[in-house]
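Trainee: I have this model open beside its sequence, and I would like to practise reading it. Could we go through it together, one question at a time?

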Amino acid sequence: MVILVTGGAGFIGSHTCVELLQNGYEVVVVDNHSNSSPGALDEVQKLAGLPLTAYQVDLRDRKALAEVFDAHPIDAVVHFAAKKAVGESIQIPLDYFDINIGGTTSLLRAMHEHGVYQLVFSSSCSIYGDSQKVPMAEEAPAGPTNPYALSKWTCEQLLAETCSRYPQFTVVSLRYFNPMGAHPSGRIGEDPRGVPHNVMPYLTQVAVGRLERLSVFGGDYPTPDGSAIRDYIHVMDVADGHRLAVEHLGEEPGMRVFNLGTGAGVSVLELVEAFSAACGKEIPYQVVDRRPGDVARLIADSSRVEREWGWRTTRNLAAMCDDAWRFQRLNPNGYDG
Ligand code: UD1
């Protein structure tokens, strides 16, 4: 099978490409490299010992995207390409709508025009918003609290509508909680451009001395230590989930939604402690105001995907911290260093 992976050079995309190549899929990547390096794809191919084909294309460039579909007999699409920083999305919401929603509709149009109807969509737990009830199952009401989350929720609704209007379409939407870690080889990992928005790359860059100290956003949440709680999940478990989704895509028409998380909540302060243990250094931090758009607590109920596909996480918090640290230690300046 030939799989088109949008955003394949990004953090989750690159790990998923390795998993797909190693399981016998042919991989075609489109990525505009707005937040990723082409060097990630070199490492992906070395790790898998297999080649892939890559195009630097923005999904909204309909002509260039059509040429990719013309050039390859694509069977299914795994769609990661999007912007994903909560704080930034509040500053530049229209960019988030244009890139995340516009990119997805452009992709759907290209798929429809080329007779490709199978899609795995990269969704997010952020669509659940500030629910008091944790863990959250897929039926929990949506309540996006920032433009990033709204863009993901809007895409899910557009995908559901597409499936009901065009019965050929089959879509699996994976709502993952907070992916982090890296491939255990340390060859690929999280290497955002500029100052990281997410907590783990921030921590690893403090540990290698690129940044001075972590700001812990919020010390007054209604949680045991006052910092916000998330369900952190190893990127290799997320990559496994995508490979399984591709395997199961053809089983049912229409749209299916699955959470991917561990079911365990970890506070920011607990994460700082776990990461300090992994890297053998005290990580300096200061507690500052809450970040706009953040919520207190997000924890997954992933029992649906376990029941239906037998997926469950196999890597713990210590492995996430060890692996993230190994990648940063071996690549202190990322792929371009
Ligand atoms: C958000 C989304 C998540 C999405 C992810 C993609 C929400 C609620 N969640 O995750 O679905 O997959 O973006 O990027 O919208 N923090 C600090 N200091 C920092 C950075 C973060 O204290 O410098 C804290 C945050 O306040 C948060 C936790 O660390 O409590 C995790 O933050 P982050 O890594 O940015 O991910 P989310 O915002 O939870």
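Trainee: Is H33 buried or exposed?
Mentor: H33 lies in the loop between β2 and α2, where helices (H or I, at least four residues) and strands (E, at least two) are DSSP runs, numbered from the N terminus. Although H33 is not a glycine, its phi is positive, about 60 degrees. For the label, buried means under 20% relative accessible area, exposed over 50% and partly exposed in between (1.4 Å probe, protein chains only). H33 has 12% relative accessibility, so it counts as buried.

Trainee: Before we go on, which pLDDT do side-chain atom pairs need in order to count?
Mentor: Residues are numbered from 1 along each chain as its sequence is written, and side-chain values use heavy atoms, leaving out hydrogens and water. This is a predicted model, where totals for chains, interfaces and linings use all residues, local features need pLDDT of at least 70, and side-chain atom pairs count only at pLDDT 80 or more.

Trainee: Which residue caps the N-terminal end of α2?
Mentor: Helix α2 covers residues 38-48, and its buried residues are G39, A40, L41, E43, V44, L47 and A48. The elements covering them include α1, β2 (26-31) and β3 (53-56). At the other end, α2 is followed by G49, with a positive phi near 70 degrees. For the cap, look 3.0 Å from the backbone nitrogen of G39: the side-chain oxygen there belongs to S37.

Trainee: And α7: how many of its nine residues are buried?
Mentor: Start with the surroundings: β7 (178-180), β8, α9 (268-279) and α11 (317-330) are among the elements that cover its buried residues. Just after α7, G209 takes a positive phi of about 90 degrees. Helix α7 (residues 199-207) is largely enclosed by the rest of the structure, because the buried count is eight.

Trainee: E138 is a glutamate in a loop. What is its relative accessibility?
Mentor: E138 sits in the loop between β5 (118-124) and α6 (147-165), a loop that also holds P135. Setting aside neighbours within four places in sequence, E138 is in contact (heavy atoms within 4.5 Å) with Y128, R175, V257, F258, N259, D301 and R304. E138 counts as buried because its relative accessibility is 9%.

Trainee: Which backbone nitrogen does the side chain of E138 approach?
Mentor: A polar contact is a pair of N or O atoms within 3.5 Å; within protein, one must be able to donate a hydrogen and the other to accept it, and residues adjacent in sequence count only if both atoms are side-chain atoms. Here a polar side-chain atom of E138 is 2.8 Å from the backbone nitrogen of N259.

Trainee: T16 is in helix α1. Which backbone oxygen does its side chain reach?
Mentor: T16 has a relative accessible area of 0%, so it is buried. Beyond four places in sequence, T16 is in contact with F80, A239 and H242. The oxygen its side chain reaches, at 2.9 Å, is that of I12.

Trainee: Which helix gives the most residues to the largest nonpolar core?
Mentor: A nonpolar core is a set of buried Ala, Val, Leu, Ile, Met, Phe, Trp, Tyr and Cys residues joined through side-chain atoms within 4.5 Å. The largest has 41 residues, and those with the most contacts inside it are I3, V5, V27, L52, L174, L260 and W309. The top contributor, with six residues, is helix α1.

Trainee: How much of the ligand's accessible area does the protein cover?
Mentor: The ligand is surrounded by 23 residues (each with a heavy atom within 4 Å), the closest being K84, S124, S215, R230 and D294. Ligand oxygen atoms lie 2.6 Å from a polar backbone atom of K84, 2.9 Å from a side-chain N or O atom of N178 and 3.0 Å from a polar side-chain atom of N198. Of the 730 Å² accessible on the ligand alone (Shrake-Rupley method, 1.4 Å probe; for residues, only the protein chains shown count as cover), the protein covers 96%.

Trainee: Which strand gives the largest share of that shell?
Mentor: Strand residues 214-217 are the ones to select, as they supply four residues of the shell. They form β8.
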